[in-house]
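Trainee: I've got this model open at the bench and I'd like a close look at one part of it. Could you take me through how the helices pack?

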Amino acid sequence: MKREEEGIFCQEVDAVRDKFFEDVREERLQAEPRCIKQHPGFEAVCLNVWVLQTAWLQYKQQYGSSAYEGPEHKKNRHIAYRQVVRWCWGTLGQNIRIPLPSCAVNCTCAHFPEPNQLEEDTVFTGFTYADE
């Protein structure tokens, strides 16, 4: 993580803790997970390639030609991060960005690695604000 604000754990983020509490209150979970990676919804919503394909089509429809285009693994990471935001925060608004919990980012990077490259050799862009 390049920036201090990227080094946050999910339990330090109100929106993620609220999501855990809501799922326990609504009896979708028996107990709050210790980490977002342990929540059954994380894999289903943020790492499932078919869910990401569908989310990509929505994103492309919304943003048209300005939608992110790139290699499949980068596109999947990009959409997975958007899915984390949608799942925990709902909507933020256009050009409003927030640092995601490092556990979610690291898990996503590991799940969609650079092809034919060792994980320790991969360089990720990291979080940037919209005006950077």
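Among contacts in the protein chain between residues at least 6 apart in sequence, what percentage join residues at least 24 apart? And then, please, a close look at the helix contacts and the cysteines around them.

Mentor: Sure. Bear in mind that this is a predicted model. The number you asked for is 64%: that share of the contacts between residues at least 6 apart in sequence joins residues at least 24 apart. As for what is doing the packing, the protein chain has five helices and zero strands, so read from the N terminus the order is simply α-α-α-α-α, going by DSSP runs. Of the 132 residues in the chain, buried ones make up 34%.

Let's start with helix α2 (residues 40-47) and helix α3 (residues 49-63). Their axes lie 6 Å apart, and the two helices pack at an angle of about 50 degrees. That angle is why α2 and α3 count as oblique to each other. On the α2 side, the contact uses A44, V45, C46 and L47, while α3 brings V49, V51 and L52. Sort those residues by character and you get seven nonpolar, no polar and no charged.

Now move along to helix α4 (residues 72-89) and helix α5 (residues 102-111). Here the axes come within 10 Å and cross at roughly 150 degrees. Angles over 145 degrees count as roughly antiparallel, and that makes α4 roughly antiparallel to α5. The crossing of α4 past α5 is right-handed. Look for R77, A80 and Y81 on α4, and for V105, T108 and C109 on α5, since these make the contact. This contact is a mix: four nonpolar residues, one polar and one charged.

Finally, the cysteines. You'll find zero disulfides in the structure. Take C46, which you already met in the contact of α2 with α3. C46 is in no disulfide, and its nearest cysteine sulfur belongs to C88, 7.0 Å away. With a relative accessibility of 0%, C46 counts as buried. C103 is in no disulfide either; the nearest cysteine sulfur there is that of C10, at 3.6 Å. A disulfide needs the two sulfur atoms within 2.5 Å, which is the cut-off to hold against that 3.6 Å separation of C103 and C10. C103 is buried as well, at a relative accessible area of 9%.

Terms used: Residues are numbered from 1 along each chain as its sequence is written. This is a predicted model: local features need pLDDT of at least 70, side-chain atom pairs count only at pLDDT 80 or more; totals for chains, interfaces and linings use all residues. Side-chain values use heavy atoms; hydrogens and water are left out. Axes are lines fitted to C-alpha atoms, for helices over the stretch in contact, and angles run from 0 to 180 degrees between N-to-C directions. Helices (H or I, at least four residues) and strands (E, at least two) are DSSP runs, numbered from the N terminus. Angles under 35 degrees count as roughly parallel, over 145 as roughly antiparallel, 65 to 115 as roughly perpendicular and the rest as oblique. A crossing is left-handed if the near helix is turned anticlockwise from the far one by less than a right angle, and right-handed if clockwise. Contact means heavy atoms within 4.5 Å. Ala, Val, Leu, Ile, Met, Phe, Trp, Tyr, Cys and Pro count as nonpolar, Asp, Glu, Lys and Arg as charged, and the others, Gly among them, as polar. Buried means under 20% relative accessible area, exposed over 50%, partly exposed in between (1.4 Å probe, protein chains only).
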